[in-house]
Amino acid sequence: MSGEPEVHEEFEARLKAYEGRPAAATGVGRDPVNEPMIRHWCEAMGDTSPAYTGPEPIAPPTMLQAWTMAGLTRRPERTAAYDELLTLLDESGHHAVVATDCEQEYLRPLRPGDEITFDSVIESVSGRKATKLGAGYFVTTRTDIRAGGEPAGTHRFRILKYAPAQRPSKPAERRPRPVVNRDNAGFWEGVAHHALLIQRCTACATLRFPWLPGCTTCGSLDWDTVEASGEGTVYSYVVMHHPPFPAFEPPYAVGLIELAEGVRIVSNVVGVPYDKVRIGMPVRLEFRRYDDELVLPVFQGVTP
């Protein structure tokens with residue numbers, strides 16, 4: 001398949017040679033089985049079984065792996081053989097990894113105070129498999145867990161080491177189109193001609209933005225327009241990080257701009273790093289074309 005690593009019988013034979021080799025040797029649980037961890041587990045899982053409380057509690061069987069986990073640090077008992085196997089897959093282009101499933105077998109209950117030891121083996125490496133994520137190899141390790149030296153359970157853990165599938169490139173997303181109606185059509189006509197028009201009531205001379213059918217001061221339905229000078233300041237702002245939207249590249253600053261004429265407009269603050277935008281920053285109007293159809297007013301930050 002184009003764009004994916006080439007498969008060789010010799011390479012797969014090298015992978016198979018790791019089967020049966022240790023993945024972790026003479027591991028020791030970081031803590032004995034203990035009641036606080038049992039309590040936290042039951043609270044997280046919503047498990048109210050009386051077997052896990054009282055004077056002689058046992059640990060939930062599904063906690064089996066919890067007693068062998070190393071936390072955020074690398075497991076000191078992990079073998080060079082397991083590292084070599086993962087490196088071999090990485091260097092062949094199968095550098096991505098995802099956990100796929102696990103299987104557990106419980107041999108005896110674990111009780112507070114039990115000291116946990118374990119050994120892991122590379123049980124199997126599959127042939128190359130095609131998946132939706134990409135082609136790769138399933139690597140299964142088997143961990144045999146002991147409590148006080150007695151067999152307590154077996155944990156099989158399977159990962160897929162794969163080469164990410166090539167995704168067809170998507171056409172560039174367009175910015176959303178503004179909603180144009182009879183009440184604001186004149187504003188967008190002005191923007192198309194690089195003019196930011198503000199409504200003015202012809203009865204009381206009150207300026208208003210955004211555009212409305214009537215004056216909110218005197219109620220008159222008569223109005224004309226004045227062209228904004230383009231000077232303004234950042235009255236307030238927000239930096240958008242998440243969630244991402246098509247055609248937008250976060251992080252970016254969205255400002256409430258107070259124009260020199262006294263009305264306010266929401267638009268992008270451009271030309272300065274998003275983390276340098278400040279309340280009171282002077283800005284200057286400019287018109288930016290985003291595609292063949294869309295022109296928007298934005299505001300260039302003016303730094304001292």
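1. Pro243 has a relative accessible area of 41% and is thus partly exposed. In this predicted model, Pro243 belongs to the loop that links strand S9 (231-240) to S10. Its C-alpha atom is 39 Å from that of Asp224, although the two residues are 19 positions apart in sequence.

2. The overall dimensions of the chain deserve attention. Its radius of gyration is 32 Å, whereas a compact globule of 304 residues would have a value near 19 Å. Along the principal axes, the C-alpha atoms fill a box of roughly 95 × 60 × 40 Å. The secondary structure comprises 4 helices and 13 strands.

3. On burial and surface, 35% of the 304 residues are buried. The exposed area of the chain is about 17,900 Å², of which carbon and sulfur atoms supply 54%. Among contacts with a separation of 6 or more, 64% are between residues 24 or more positions apart.

4. The largest nonpolar core contains 24 residues. Leu196, Val234, Ile257, Leu259, Val269 and Phe299 have the most contacts inside this core. Two or more residues come from each of helix H4 (185-192), strand S6 (197-201), strand S10 (252-259), strand S11 (264-270), strand S12 (282-289) and strand S13 (295-301). A second core, separate from this one, has 15 residues, including Ala81, Leu85, Leu88 and Val125.

5. Which residues does Leu259 contact, once neighbours within four places in sequence are left aside? The partners are Leu196, Ile198, Ala228, Glu231, Gly232, Ile265 and Phe299. Of these partners, Leu196 and Phe299 are also listed with Leu259 among the residues having the most contacts inside the largest core.

6. Helix H4 contributes to the largest core, and its buried residues are Phe187, Gly190 and Val191. These residues lie on the same side of H4, because they cover an arc of only 100 degrees around the axis. An α-helix has 3.6 residues a turn, so residues three or four places apart point the same way. The buried residues of H4 pack against S6, S12 and S13. Glu189 and Ala192 are exposed on the other side of H4.

7. His194 follows just after H4, in the loop between H4 and S6. Although His194 is not a glycine, its phi is positive, at about 60 degrees. With a relative accessibility of 45%, His194 is classed as partly exposed.

8. Helix H3 (residues 80-91) can be checked for length. Its 12 residues should span 16 Å at 1.5 Å a residue, and the C-alpha atoms at its ends are 16 Å apart, which agrees. Just after H3, Gly93 has a positive phi of about 100 degrees.

9. Where do the buried residues of H3 lie around the axis? They fall within an arc of 155 degrees, so they line one face of the helix. The residues concerned are Ala81, Tyr82, Leu85, Leu86, Leu88 and Leu89; among them, Ala81, Leu85 and Leu88 belong to the second core. The cover over the buried residues of H3 includes helix H1 (9-16), strand S1 (22-28), strand S3 (116-125), strand S4 (136-147) and strand S5 (150-162). Ala80 and Glu91 are exposed on the face of H3 turned away from the buried side.

10. Thr26 is a further non-glycine residue with a positive phi, here about 50 degrees. Thr26 is located in strand S1. Is Thr26 buried or exposed? Thr26 is exposed, its relative accessible area being 63%.

11. Two cis peptide bonds should be noted. The bond joining Phe209 and Pro210 is cis, with omega about 0 degrees. Pro210 is placed in the loop between strand S7 (207-208) and strand S8 (223-227). The bond from Pro250 to Pro251 is also cis, with omega near 0 degrees. Pro251 lies in the loop between S9 and S10, where Pro243 is also found.

Terms used:
Residues numbered from 1 in each chain as written. Predicted model: local features only at pLDDT ≥ 70, side-chain atom pairs only at ≥ 80, totals over all residues. Heavy atoms only, no water. Core = buried A, V, L, I, M, F, W, Y, C linked by side-chain atoms within 4.5 Å. Buried < 20%, exposed > 50% of the residue type's maximum accessible area, 1.4 Å probe, protein only. Contact = heavy atoms within 4.5 Å. Arc of directions from axis to C-beta. Expected span 1.5 Å × (residues − 1). Rg over C-alpha atoms; globule rule 2.2 N^0.38 Å. Areas by Shrake-Rupley, 256 points an atom, 1.4 Å probe, with all protein chains shown as cover.
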